[in-house]
Amino acid sequence: MDARPAPDGPVAGLPPGPEPFAGRAAELAALRTEAGRPAGAACRVLVVSGRAGSGRTALARRFARSVAGGRRVLVASLSAPDGSAVAPGAVARRLLAALDHSPAAAPPPDGAPGEAEDPACAGLREALTGRETLLLLDDVASAEQLRPLLPAEPRCLVLAVTSGPLSALADRFRVDPVILRGLDEPAAIELLTTLVGGTRISCDPVGAAELAEACAGRPAPLRLMAYWLRAHPKAAVPEAAAALREAGEELGGEGGGEVLAAAFMLRYRALPVAQARLLRTLTLAPDGVADLRTASALGGCPAPEAAAALHALAEGELLEQLEAAADGTARYRVPGRFFAQLTAMRSELDRPGEVQLARARLLERLVRLVDSARALLDPGRQSPDPLPGPLRLRTAAHARHWLLGERESLLVTAELAIGQGDLDGSAARLTSALLRALPLAGPLAPTDAVRLHQLVLTWAERQGAARRAAAALLNLAELRAAAGQWARACEDYRAALAHSRDPLDDSVAARALEGVGECHRALGDAVRAADSYGRALALRRGLDEPAAQARLLARIGEAHAAQRRFEEAAREYRAALGLLRRLGDERGTQAVAAALAALAPRSATDRAR
């Protein structure tokens with residue numbers, strides 16, 4: 001496999017890497033060698049390992065561009081901006097969405113996290129089988145996190161970017177990581193020369209070498225210091241190295257561990273006030289990813305101003321440019337290597353009320369976007385007040401692509417908002433809007449439905465809204481039951497029953513009791529099933545619901561038959577038949593009559609014994 005120079009044009013699915021790119025010829029050659037080895041029965045796994053700021057992602061993207069060819073390229077980050085590991089199932093769902101594969105058939109996972117594999121991982125492996133795919137997985141936290149995503153498909157090439165060697169994969173995959181260290185001096189000076197421009201670097205080779213050494217040869221600090229020099233056109237190159245050392249001392253650290261933080265601090269201080277504030281505030285964006293819609297809400301500024309600031313921050317490499325959204329909207333991400341520092345700065349510099357207001361603006365903006373998407377997908381509904389032109393969703397297709405593309409980020413935003421609990425009104429509106437709108441864009445995956453109903457339950461219980469809590473629990477129970485998770489479903493039905501008592505709601509109680517009966521029936525406990533059905537029947541009679549009464553009488557008859565109580569079973573079946581005939585339900589009448597007829601030989605056999 002030939003790792004040709006990266007092509008000039010973009011590769012679909014692959015975000016652009018930072019330019020210019022210097023050095024790393026040996027590392028690219030090593031990746032080319034590893035990629036050329038026989039794959040065996042599984043996918044090929046290449047590992048690029050290095051510290052934050054070592055240029056590991058830039059190298060991986062450059063190599064990926066050179067070998068993409070006709071492959072479908074899929075990219076995902078396996079760590080959240082704050083450094084926490086993303087669950088493999090969540091990564092798999094994102095990748096399935098990129099492949100236009102709906103995980104709707106996958107049941108929600110049961111049990112505690114980590115006890116069983118998320119079905120989405122198996123769905124992803126199946127979807128990748130038979131495909132020629134390039135999978136670039138960034139910020140991999142561990143081999144255990146990566147393993148469930150790897151298909152047994154020799155035509156799939158996986159490029160894993162990590163801080164460690166992932167040696168635990170060696171039991172199944174050949175892993176010979178390409179480990180990145182600092183650039184050599186010529187490559188570092190070449191990078192500085194290209195970025196700074198003019199003759200400032202070439203006229204002071206000693207100062208350039210000093211700056212390269214101060215940056216430990218790491219590309220990220222080198223690039224930040226190059227932009228610092230551009231922002232300080234009268235500063236000599238040795239002044240940059242001195243400023244970097246002073247910033248490192250100010251941070252209280254020594255050596256390469258603080259180089260990146262010190263370079264970032266210097267670069268940040270050179271920003272205009274508005275851009276610095278927006279950069280801090282973008283740490284509140286879902287997954288640290290922002291476009292002009294979310295950035296204008298967080299920053300409280302018009303869309304054109306937000307778009308210009310995003311572009312400037314990305315041009316200065318303080319934001320990472322991602323692949324554009326389906327509608328062409330530019331998207332950016334706060335790099336994980338800066339996230340902790342920016343979060344600390346936000347806590348120090350921004351008043352809590354300002355931060356809360358920014359979060360509230362974001363939630364309300366997302367509610368309006370989701371509601372407008374729903375109105376476009378369901379033309380019979382009244383449209384909300386239109387958003388400003390640059391923020392607007394314009395067609396049903398646009399709305400569908402936006403909802404599907406942003407689904408995971410929207411869910412994460414709702415989960416974070418409900419979890420924080422200080423903006424419950426906006427968070428609840430977003431959750432409700434998603435429950436109404438997402439099914440219009442395509443089948444709502446049971447896992448996502450569970451997440452949304454769990455949010456409703458958390459909010460309702462916190463607010464003391466018993467009816468909303470009961471409704472959420474009933475929905476959760478039905479999702480569990482549909483997935484065959486009868487014990488969990490039974491727990492949810494019983495919890496819904498408890499919420500139906502204050503205030504008293506016989507309709508909810510009847511539905512919950514019938515659900516409990518269905519769970520006991522599925523688990524083979526006919527005695528408890530009959531008891532629950534009987535209690536539900538008493539409530540349905542009080543509510544004057546003959547169709548539900550007939551259904552429950554038939555279920556009770558079935559439970560009695562399972563206990564070989566044939567006379568009681570026949571009595572219940574006959575009562576059900578009478579109701580069904582009065583209702584004119586021919587199909588139900590035939591089914592119950594058949595069940596009643598099937599009792600006769602069983603009863604005769606039992607008497608003969």
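Two residues are said to be in contact here when they have heavy atoms within 4.5 Å of each other, and the views below are drawn from a predicted model.

**View 1. Helix 13 and the elements that it packs against.** Helix 13 covers residues 303-315, and its 13 residues reach 18 Å from the first C-alpha to the last, which is close to the 18 Å expected at 1.5 Å a residue. Which residues of helix 13 are buried? They are Ala-303, Ala-306, Ala-309, Leu-310, Leu-313 and Ala-314. These residues cover an arc of only 130 degrees around the axis, and therefore they lie on the same side of helix 13. An α-helix has 3.6 residues a turn, so residues three or four places apart point the same way. The buried residues of helix 13 pack against helix 11 (273-281), helix 12 (292-299) and strand 8, whereas Pro-304 and Glu-315, on the other side of the helix, are exposed. Just after helix 13 comes Glu-317, which takes a positive phi of about 65 degrees.

**View 2. The open sheet of strands 6, 8 and 7.** Three strands form this open sheet in the order 6-8-7, and their pairing is antiparallel. Strand 6 (289-290) and strand 7 (320-321) stand at the edges with a single partner strand each, so one side of each has no neighbour in the sheet. Strand 8, which covers residues 332-333, is joined to strand 6 by two bridges, and these two strands run antiparallel. Within this pair, Ala-290 stands opposite Tyr-332 in strand 8.

**View 3. Leu-319 and the largest nonpolar core.** The largest nonpolar core holds 141 residues, and Leu-319 is one of those that touch the most other members, together with Leu-211, Met-225, Leu-244, Phe-264, Leu-279 and Leu-282. Helix 15 (residues 352-377) gives the largest share of this core, with 10 residues. A second core, separate from this one, has 33 residues, including Val-47, Ala-76, Val-86 and Ala-143. Which residues does Leu-319 touch, not counting those up to four places away in sequence? The list consists of Leu-279, Leu-282, Leu-310, Leu-313, Ala-314, Tyr-332, Arg-333, Val-334 and Pro-335. Among these, Leu-310, Leu-313 and Ala-314 are also buried residues of helix 13, while Tyr-332 is the residue in strand 8 that stands opposite Ala-290.

**View 4. Strand 3 with its parallel partners.** Strand 3 (residues 133-140) is mostly covered, for eight of its eight residues are buried. Six bridges join it to strand 2 (residues 72-77), and the two run parallel. Strand 3 also pairs with strand 4 (residues 156-162), again in the parallel sense and over six bridges. Leu-136 can be followed through both pairings, since Val-75 stands opposite Leu-136 in strand 3, and Leu-136 in turn stands opposite Leu-159 in strand 4.

**View 5. Helix 19 among its neighbouring helices.** Helix 19 runs over residues 466-482, and its 17 residues reach 24 Å from the first C-alpha to the last, close to the 24 Å expected at 1.5 Å a residue. Its buried residues include Ala-466, Leu-473, Leu-474, Leu-476, Leu-479 and Arg-480. The buried residues of helix 19 pack against helix 18 (446-463), helix 20 (486-499) and helix 21 (506-522). Helix 19 is followed by Gly-484, whose phi is positive, near 80 degrees.

**View 6. Cys-203 and Cys-301.** A disulfide is a covalent bond between the sulfur atoms of two cysteines. Why is Cys-203 without such a bond? The closest cysteine sulfur, in Cys-215, lies 20 Å from the sulfur of Cys-203, which is too far for a bond; the cut-off for a disulfide is 2.5 Å between the sulfur atoms. By this rule the count of disulfides comes to zero. Cys-203 counts as exposed, at 62% relative accessibility, whereas Cys-301, at 17%, counts as buried.

**View 7. Gly-405 in helix 16, with Ala-97.** Gly-405 lies in helix 16, which covers residues 396-420. Is Gly-405 buried or exposed? With a relative accessible area of 58%, Gly-405 is exposed. Although Gly-405 and Ala-97 are 308 residues apart in sequence, they are 7.6 Å apart in space, C-alpha to C-alpha.

Key:
Residues are numbered from 1 along each chain as its sequence is written. This is a predicted model: local features need pLDDT of at least 70, side-chain atom pairs count only at pLDDT 80 or more; totals for chains, interfaces and linings use all residues. Side-chain values use heavy atoms; hydrogens and water are left out. A nonpolar core is a set of buried Ala, Val, Leu, Ile, Met, Phe, Trp, Tyr and Cys residues joined through side-chain atoms within 4.5 Å. Buried means under 20% relative accessible area, exposed over 50%, partly exposed in between (1.4 Å probe, protein chains only). Helices (H or I, at least four residues) and strands (E, at least two) are DSSP runs, numbered from the N terminus. Two strands pair if DSSP finds at least two bridges between them. The expected span of a helix is 1.5 Å times one less than its number of residues. The arc is that of the directions from the helix axis to the C-beta atoms.
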